[in-house]
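Here are a few exercises to work through with the model open beside you. Try each task before you read its solution.

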Amino acid sequence: PSSTLLYIVFYLKPHEIMKSAINFHLDSTVMRGAIFNVAVAFLMVSTGTINTLAAKWADLNTAGGSNPTAEHYYDHPFFQAATMFMGEALCFVAFKIWFFYRIVQKKDLSSFGDQKFNPFIWAIPAMCDLIATSIMYVGLTWTYAASFQMLRGSVIIFTGLLSVAFLGHKLSIHHWVGMVIVIVGLVVVGIGDYVSFDGSSSDLDKNTVLAGDLLIVLAQIITAVQMTVEEKIMKRYKIQPLQGVGWEGIFGFSTLTVLLIPMYFIPWHLPASSDFWQERTSFEDTIDAFHQWGYSAQVLVASLGLVFSIAFFNFAGLTVTSMMNATTRMVLDTLRSIIIWVISLAVGWQKFEPLQPVGYVILFVGIWIYYDLIIMPAIRWMVAKFGLKKYFAKGSSSEKERLLGQPDYLINNDKEDKEASS
């Protein structure tokens, strides 16, 4: 027995075996976490890309309907907005499943905040979301999918200004520089869309494409109001983002479903879109939309893709923010924009125009400067490297941590990072 014990101690070295086992467990835990993060990031980029492309794909499809029965474009922006809100409402279902799972497992529920709140507090941001989304989908029917995605980045201008006026935030130098660069990028993108239009892929004209771009930018003003109200709600009630998105989806879907009824009887249609094919002019013909769903599998698949992709996109986006950080989410959103542009070129939805990528790059640079990504950290590194710190005023730590233009619940501080990792 003694010789056996000596053999185990000196030759098998159980303490090293145990250490190796612990390290292997830790390494595999870290590996699983890394794989999960990559999977969620991929889910966010893929579903976000599908969401925009599915909406545009539906717009470009023709199918028979009820008004008229002959094939015509699937031009139903307000009905599309309703399907989008249906997808957001699915987030509420996911939240409830998660919440009750935690109850059954008898786990800590403090992270869910105070559940005793009036859900109608979400009515105002939901209405802002409804108006902004409807306007954006009208704009999407008139312009390119890539421009639709890129121009949504203009929200940082209006969110930044509103956060100063109503939330007491302070904008640093890099915020103002980023906003100015984004404005330049918006102008270049608009000019690029106007110049690149050849009329071969649609029945619209150059002015309509430019109007679509302007509508998307206009919608970002309302989106900025929505974000500002959301931040005040989240600060006061500490509500889970997934729950907030779900409530907005419920209010938006129910409200827009009711509004679709009078829209059907309004004898007027948006200019430059569908007056050329409607037999009976209707502001939004929901019955015709359902008929087209039944007539064309492509329209149906695109519409269902819109519903489920927005649900998974919201889930993945919020998970990326909580498990990693909001800056990672912004970088992934930039990647999504590039993929949408490349696919739009590949399938022939738009032709290549040199001004467009120039505008996109300017927008990216402006957004990355605003959110303190890559460019500003590189400048700070150079300042520290070459001993130039004394020439620059130091900003407050709160300003460095804050990502203005995103609600505070999308911002990770050290405490939130620890909670997420636990």
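## Getting oriented

The protein has 16 helices and 2 strands; helices (H or I, at least four residues) and strands (E, at least two) are DSSP runs, numbered from the N terminus. This is a predicted model, in which local features need pLDDT of at least 70, side-chain atom pairs count only at pLDDT 80 or more, and totals for chains, interfaces and linings use all residues. Residues are numbered from 1 along each chain as its sequence is written, and side-chain values use heavy atoms, with hydrogens and water left out.

## Exercise 1: Confidence

Task: find which elements have the lowest and the highest mean pLDDT.

Solution.
- Step 1. pLDDT is the predictor's confidence in each residue, from 0 to 100. The mean for the protein is 79, and 79% of its residues reach 70 or more.
- Step 2. Helix 16 (residues 414–421) has the lowest mean, 39, and helix 10 the highest, 94.
- Step 3. Residues 393–422 have pLDDT below 50, with 50 contacts beyond near neighbours in sequence; contact means heavy atoms within 4.5 Å. Residues 1–14 stay under 50 too, with 6 contacts beyond four places in sequence.
- Step 4. Where pLDDT is low, the predicted coordinates should not be read in detail.

## Exercise 2: A serine in a loop

Task: work out whether Ser282 is buried or exposed, and which residues it contacts.

Solution.
- Step 1. Locate Ser282 in the loop between helix 9 (241–265) and helix 10 (286–295).
- Step 2. Its relative accessible area is 0%, so Ser282 is buried. Buried means under 20% relative accessible area, exposed over 50%, and partly exposed in between (1.4 Å probe, protein chains only).
- Step 3. Leaving aside neighbours within four places in sequence, Ser282 is in contact with Met263, Tyr264, Ile266, Trp268 and His269.
- Step 4. For Tyr264, look at the backbone oxygen: the side chain of Ser282 reaches it at 2.8 Å.

## Exercise 3: Checking a helix

Task: compare the expected span of helix 4 with the distance between its end C-alpha atoms.

Solution.
- Step 1. Helix 4 covers residues 123–142, which is 20 residues. The expected span is 1.5 Å times one less than the number of residues, giving 28 Å for this helix.
- Step 2. The end C-alpha atoms of helix 4 are 29 Å apart, which agrees.
- Step 3. Of its 20 residues, 16 are buried, so helix 4 is largely enclosed by the rest of the structure.

## Exercise 4: Unusual backbone

Task: where is Pro68, and what kind of peptide bond joins it to Asn67?

Solution.
- Step 1. Pro68 sits in the loop between strand 1 (62–63) and strand 2 (72–73).
- Step 2. The bond between Asn67 and Pro68 is cis, with omega about 0°.
- Step 3. Now turn to Lys106, in the loop between helix 3 (77–104) and helix 4. Its phi is near 55°, a positive value in a residue other than glycine.
- Step 4. Most residues other than glycine have a negative phi, and most peptide bonds are trans.
- Step 5. Lys106 has a relative accessible area of 77%, so it is exposed.

## Exercise 5: Cysteines

Task: how many disulfides does the structure hold?

Solution.
- Step 1. A disulfide is a pair of cysteine sulfur atoms within 2.5 Å. The structure holds 0 of them.
- Step 2. Cys91 counts as buried because its relative accessibility is 2%. Cys128 is buried as well, at 11%.

Definitions and conventions: A polar contact is a pair of N or O atoms within 3.5 Å; within protein, one must be able to donate a hydrogen and the other to accept it, and residues adjacent in sequence count only if both atoms are side-chain atoms.
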